[in-house]
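Below is a short note for a colleague who is meeting this structure for the first time. Please read the points in order, with the model open alongside.

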Amino acid sequence: MSLRLNNLTVSYQRHPAVHHVSGQFAPGRATAIFGPNGAGKSTLLKTMMGLLKPDSGSVELAGFARRDIAYLPQQSEIDRSLPVSVSDLVATGLWHSTGLFGQVTHAGRGRVADALAAVGLKDFAARPINALSSGQFQRVLFARILTQDARLILLDEPFNAVDARTTFDLLELIRHWQEEGRTVIAVLHDYEQVRAYFPHTLLLAREVVAWGETASVLTDDNLRRAAQTAAHWQDRAPVCTVSGEGTA
């Protein structure tokens, strides 16, 4: 199973947000997508998930079926006003076995309970999601990923506005996913989190600055080059002239 980007370019109003990105993510390992603000990190993740269409290039998923992929968007993109309980939200991770409107089986309810216990919310099953703190809600979303049992996990800024204890617990869960051989790709802003928990890093500033083992990527020279490249794009972002369609 592998995920490869082939000369991927994604634009907004013909100005490139992600420009000619190529490379392969390490299978069964955790990779951080790291870089300055406005570097195109979330855009890249959404394109990998198929939520955005590339101008050119492609996202190549070898060996992954749709049911194998879990995607966690930023919390700000999720509507928490819906009258949904914690257990019902977590149970949506079982969609590949129940269908969109299928009944959750007794075994499925057991998986939901186990997932909530794993994220420290064993007694929260009946609570409405709009009554949760940001940290509690993020634990629920990780529990949903646990019920899905995905082999490829995409996380967009999973620790924004989340308390330190929750962040630590969820980072440990990511470490456990690596031990199980799952591929985790996360957009992150915290340098120390990346160095401690992500053995591979894609340093992005609209284009690839460096990609490989974290220790060799997050050097002072590379970080300086990423900041300079991002500033250049912000000040003088060119109109993208690529043509053609990619696939995701």
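1. Isoleucine 153 is a useful place to begin: leaving aside its neighbours within four places in sequence, this residue is in contact with Ala70, Ile145, Trp177, Arg182, Thr183, Val184 and Ile185, where contact means heavy atoms within 4.5 Å. Ile153 is also among the members that touch the most other members of the largest nonpolar core, a set of 47 residues, together with Val90, Phe142, Leu155, Ile174, Trp177 and Phe198. Such a core is a set of buried Ala, Val, Leu, Ile, Met, Phe, Trp, Tyr and Cys residues joined through side-chain atoms within 4.5 Å. Helix H5 (residues 134-148) gives the largest share of this core, six residues, and a second, separate core of 22 residues includes Leu3, Val18, Leu44 and Leu154.

2. On the basis of the note: this is a predicted model, in which local features need pLDDT of at least 70 and side-chain atom pairs count only at pLDDT 80 or more, while totals for chains, interfaces and linings use all residues. Residues are numbered from 1 along each chain as its sequence is written, and side-chain values use heavy atoms, with hydrogens and water left out.

3. Arginine 139 lies in helix H5 and is buried, with a relative accessible area of 10%; buried means under 20% relative accessible area, exposed over 50%, and partly exposed in between (1.4 Å probe, protein chains only). The side chain of Arg139 reaches the backbone oxygen of valine 119 at 2.8 Å.

4. An open sheet of six strands has the order S5-S6-S7-S3-S8-S9, with mixed pairing; two strands pair if DSSP finds at least two bridges between them, and helices (H or I, at least four residues) and strands (E, at least two) are DSSP runs numbered from the N terminus. Strand S5 (69-72) and S9 stand at the edges with a single partner strand each, so one side of each is left without a neighbour in the sheet.

5. Strand S8 (residues 200-205) deserves a closer look, since six of its six residues are buried. His200, Leu202 and Leu204 point one way from S8, while Thr201, Leu203 and Ala205 point the other way. S8 runs parallel to strand S3 (residues 30-34), joined by four bridges, and antiparallel to strand S9 (residues 207-213), joined by six. In the hairpin that S8 and S9 form, one residue lies between the strands, and arginine 206 in the turn has a positive phi of about 70 degrees.

Definitions and conventions:
A polar contact is a pair of N or O atoms within 3.5 Å; within protein, one must be able to donate a hydrogen and the other to accept it, and residues adjacent in sequence count only if both atoms are side-chain atoms.
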